[in-house]
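Here is a short tour of a protein model, written for someone just starting out with structures. Keep the picture in view as you read, and find each residue as it comes up.

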Amino acid sequence: MDFKADDSGDVVKARADLDRAGSELERLRIDLDRLSLVCRAMYSLLQESAGLTEQDLLRRVDEIDGQDGQLNGRVRAAVQPCPECGRACGARQRHCLYCQHPLERLSAFD
Ligand SMILES: [Zn+2]
């Protein structure tokens with residue numbers, strides 16, 4: 001196989017990108033573990049203080065999961081129309097992508 005003069009630089013860059021992606025993935029796994037731990041602790045406190053059961057939690061998870069029309073274990077961010085131009089904007093956007101009009105924050109989770 002023939003290599004161009006800049007191939008070795010591309011390989012070095014690709015390896016560096018791969019290392020960065022691996023580090024980022026590891027950081028995200030640690031963040032996810034921490035988030036899962038905090039959720040379990042919060043639910044444990046709710047069980048003790050409000051007498052909730054695991055079935056109560058599972059029913060609520062399904063309820064919230066289904067709010068976007070799909071029971072797929074994921075929550076889709078809501079879409080809102082821009083009050084200025086009417087185009088669809090994601091709930092996480094703080095300004096309309098089309099006209100830059102400021103958007104109201106509709107949910108603490110988006
Ligand atoms: Zn707009």
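## A glycine in a loop

Gly73 sits in the loop between α2 and β1 (79–81). This is a predicted model, and in it Gly73 has a relative accessibility of 66%. Anything over 50% is called exposed, so Gly73 gets that label.

Now try jumping from Gly73 to Gln100. Along the chain the two are 27 residues apart, and their C-alpha atoms are separated by 33 Å.

## Two domains

How is the protein chain divided? Domain 1 runs over 7–74, and domain 2 covers 77–110. Measuring from C-alpha centre to C-alpha centre, you get 25 Å between domain 1 and domain 2.

Two more residue pairs help you get a feel for distances here. Glu48 belongs to helix α1, and its C-alpha atom is separated by 31 Å from that of Ala77, with their positions 29 residues apart along the chain. Glu48 is exposed, because its relative accessibility is 63% and the cut-off for that word is over 50%. The other pair is Ser107 and Gly51: they are 56 residues apart in sequence, and 27 Å apart in space, C-alpha to C-alpha.

## The zinc site

Which residues hold the zinc ion? Its protein donors are Cys82, Cys85, Cys96 and Cys99, each using its SG atom, and they lie 2.3 Å from the zinc ion. Look along the chain and you'll find these donors following the spacing C-x2-C-x10-C-x2-C.

What about the geometry of the site? The angles among the four donor atoms go from 103 to 121°. To count as tetrahedral, all angles must lie between 85 and 135 degrees, so the site of the zinc ion is tetrahedral.

Are these cysteines tucked away or out in the open? Cys96 is buried, because its relative accessibility is 0% and buried means under 20%. Cys85, at 36%, is partly exposed, and Cys99 is partly exposed too, at 32%.

With cysteines around, you might go looking for disulfides. How many does the structure hold? The count is zero. In case the word is new to you, a disulfide is a covalent bond between the sulfur atoms of two cysteines.

## The largest pocket

Next, some empty space. The largest pocket holds about 1,300 Å³. Two elements give two or more residues to its lining, namely α1 (7–50) and α2 (54–65).

Altogether 30 residues line the largest pocket, and those nearest its centre are Cys39, Leu57, Val61, Ile64 and Val75. Which element gives the largest share of the lining? That would be α2, with nine residues. As for Cys39, its relative accessibility is 44%, so it counts as partly exposed.

## After the last strand listed here

Finish your tour in the segment after β2 (88–90), where you'll find Gln100. Gln100 has a phi near 65°, which is a positive value in a residue other than glycine. Why point that out? Most residues other than glycine have a negative phi.

Ser107 is also in the segment after β2. It counts as partly exposed, because its relative accessibility is 25%, and that falls in the range between the cut-offs of 20% and 50%.

Conventions: Residues are numbered from 1 along each chain as its sequence is written. This is a predicted model: local features need pLDDT of at least 70, side-chain atom pairs count only at pLDDT 80 or more; totals for chains, interfaces and linings use all residues. Side-chain values use heavy atoms; hydrogens and water are left out. A disulfide is a pair of cysteine sulfur atoms within 2.5 Å. Buried means under 20% relative accessible area, exposed over 50%, partly exposed in between (1.4 Å probe, protein chains only). Domain bounds come from an automatic or database domain assignment. Donors are N, O and S atoms within 2.8 Å of the metal (3.2 Å for Na, K and Ca); water is not among the atoms, so sites may look incomplete. Four donors count as tetrahedral if all angles lie between 85 and 135 degrees; four count as square planar and six as octahedral if opposite donors are over 155 degrees apart and all others between 65 and 115; anything else is irregular. On a 1 Å grid over the protein atoms alone, a cavity is a set of points where a 1.4 Å probe fits but cannot get out, and a pocket is an open set with protein on both sides within 12 Å along at least five of seven lines; lining residues have an atom within 4 Å of a point. Grid points are joined across faces, edges and corners, and a volume is the space filled by probe spheres set on the points. Helices (H or I, at least four residues) and strands (E, at least two) are DSSP runs, numbered from the N terminus.
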